[in-house]
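Please open the model in a viewer and keep the selection panel at hand. The tour proceeds from the interface to the confidence of the prediction.

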Amino acid sequence: MSDGGSPRSIAVVDDSADDVEILTRCFLRSELAGAFEIRPFQTGSDFLDHMRLVASGIEPAPAVVLLDINMPEMDGFEILRSLRSDPAFETTPTVVFMSNTDRLEDRERAVALGSNVVPKFGTIGEGVEFFDNLVG
Amino acid sequence: MQATAGESTVAIEKHRLEIELEELLGGDSGLFALLARGTIDGIWYWDLERPDEEWMSPEFWELFGVDPATKRHDPAEWQDIIFPEDCDIALANFEKHRADPSHVCDQVVRYRHADGSTVWVRCRGLAVRDEHGTPIRMLGVHTDLTRLKRAEAALAEADERLRLQLEQSDELVRRLDDANDRFDLALAGASVGIWDWIDVNGGKEYWSPRFYELLGYENGEIEASLSEFERHLHPEDRERTFEAVARHFEHGEPFDVEYRLRTKSGEYRWFRGTGLAARDESGKATRMVGSIQDINKQMETMQLLERANEDLEQFAHIAAHDLREPARRQRMLINFALEDHGEVIPTEVKRDLERIRDQSDAMLAMITGFRALTGFGGAAVQSEPIDLGALFEELLAEAADAENGDVSWNVKVSDPVTCYPSLVEIMARNLVQNAIHHGSRPLIISFDDDSRDGVRWFVFSNSWDGDPAIVTDDVFRPFTAAGDNGGSGLGLSICKRVVDHHRGSIEVEPEPGTFTLAFTLGESS
């Protein structure tokens, strides 16, 4: 799971610093801690800029991209569409976090864009379990 | 009454009055025969000096279907078959003429024919007087008027029928006028225009004045035709409109379509078009008559309502998300604090943090319920069969885990039920959670189904120590049951919403020791 000794990254695109903090703390409790690292991006633009560097071979590709949907400026769907528009990232694993109040059609849109959909964690246990099962 | 020798080979004795009459006519038997047989329908010659003797020609009797040989030359014979009231008239006239030559003896009388029918006869008589003017004979002739009278009667009957028919026609015309007036009034008031596709194989139509008016035209300003209708029909509505016509023609499906027509000013307005085809003996549509009704205002209102609902749905979605996320983060961060630093946090602070977390949980439950309550309308759900018993088994097992096993249950529903699965799952979760929050311990739950008046009812029960007297249908109103037991106060409201979505029924049946909730899933089950 590592690349030349440095841990592979898990990209997290979320405008909420608290959510990133919660994700990170769950990650650190999981079996992935140490083998992977969390790479947070506060906006879709930051993330897509990074992916352009990945496409150029300057940055290593993230193992998986975790996305929030509700973000200002560029929402999760737009980020997914931009990502998928580059053939190099057509199959990059992505996970969209949704709350159980989100609409069914939004879930379907995310799936149609080739993403997995996972409910936002309600407990620490759920978060740890998510990361434990993230990379098979 | 003596037969003249050699006069005839037939041994018929001539009556003396007949002989006298022949002589009276100048002894010309040919003229007499012509008169008797050729021009008139009977002759009678009455001897007034011997009034019981009256000669009647054979034609006289033949007119009444009587064999002359069977009759005597006696006035009593004809008086026997003449209608009595006519006989009185004839005899009265006769007496007047006898007394006064200027009084004409001429009357129409009726005789009874041998076959029972009535024979109408014009009977005219003339007195033969002696040198003193005293009537001594009465000569009379009969003319058959029966055919004329029958024709008269038939004519009168035809006249009567005609009169009745005219009366009925007048009545029909009057009623038609009334109906037309009412129809015109109804059409004018209801914004309905009438069209008549006179021959479905052709394009010619009739449009009522109101039809034209609805499109902004003067009556007859444009041709009433299928092509004009099509020209005014909104392009986006054309295909489904004519498909509906085809379905009506071919399968008899009701023709009831909402479409837009362009008015004279160029704007499109919404109309409801309905119609009915007339068919020939083979069932093929030959003609179609229908109406258009202006529903523009209703459509605009509906579109506004739909937009308002969409806005409301969007608002509810954003509000739920924005309310939920801080509560969820708060809960998670408290959990981290308790887990990572629980040992060093003072007991009182730890208890406060736990209480804050419980409040976050309550808020999360309420927001989730609120979203479920408001979010059904736009949900893309499809009805399909599911194993409802298995779903409840699974949810109850989950709940038992969370409750450390302090739950026992018995699920007896095995046959599949057709429903909206995602909605029914929401209801099932709420029922289970309702039992968890409100049920008495040890918690015993049962889920069963039974048939009531042919309708499948599902019955969910749990142990309960509440007072049945205070439970009313208000339990289905939001926040009625909110309390300190961790419930959102929306659980049963959501259940009712789900059942309503299935057009089913739901009711509570509280009893001492048991709280039961029964529901149907409407037509889809």
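How many salt bridges are counted between chain B and chain A? In this predicted model, the count is six. To view one of them, select A:Arg29 and B:Glu339, whose side chains meet in a salt bridge with an N to O distance of 3.3 Å. Polar contacts may be displayed next: nine residue pairs, both members at pLDDT 80 or more, are in polar contact between chain B and chain A.

Now colour the side of chain B that touches chain A by element. Helix H10 (296-341) and helix H11 (347-374) of chain B are the elements that give two or more residues to this side. The largest share, 16 residues, comes from H10(B). Colouring by residue class instead divides the residues of this side into six nonpolar, six polar and nine charged.

Widen the selection to both partners. Here 21 residues of chain B are in contact with 22 residues of chain A. The area buried between the two chains is about 2,000 Å², and carbon and sulfur atoms give 52% of that area.

Finally, colour chain B by pLDDT. Its mean is 85, and 90% of its residues reach 70 or more. Among the elements of chain B, strand S8 (residues 255-262) has the highest mean pLDDT, 95, and helix H2 (residues 29-39) the lowest, 66. Select residues 1-11 of chain B, where the pLDDT is below 50; this stretch has ten contacts in the model beyond near neighbours in sequence. Residues 482-486 of chain B also have pLDDT below 50, with five such contacts. For the model, the scores are ipTM 0.83 and pTM 0.46.

Conventions
Residues numbered from 1 in each chain as written. Chains lettered and ligands numbered in written order. Heavy atoms only, no water. Contact = heavy atoms within 4.5 Å. Buried area = accessible area lost by both parts, 1.4 Å probe. Salt bridge = Lys/Arg side-chain N within 4 Å of Asp/Glu carboxyl O. Polar contact = N/O pair within 3.5 Å; in protein donor to acceptor, adjacent residues only side chain to side chain. Helix = DSSP H or I, 4+ residues; strand = E, 2+ residues; numbered from the N terminus. Nonpolar A, V, L, I, M, F, W, Y, C, P; charged D, E, K, R; others polar. pLDDT = per-residue confidence, 0-100.
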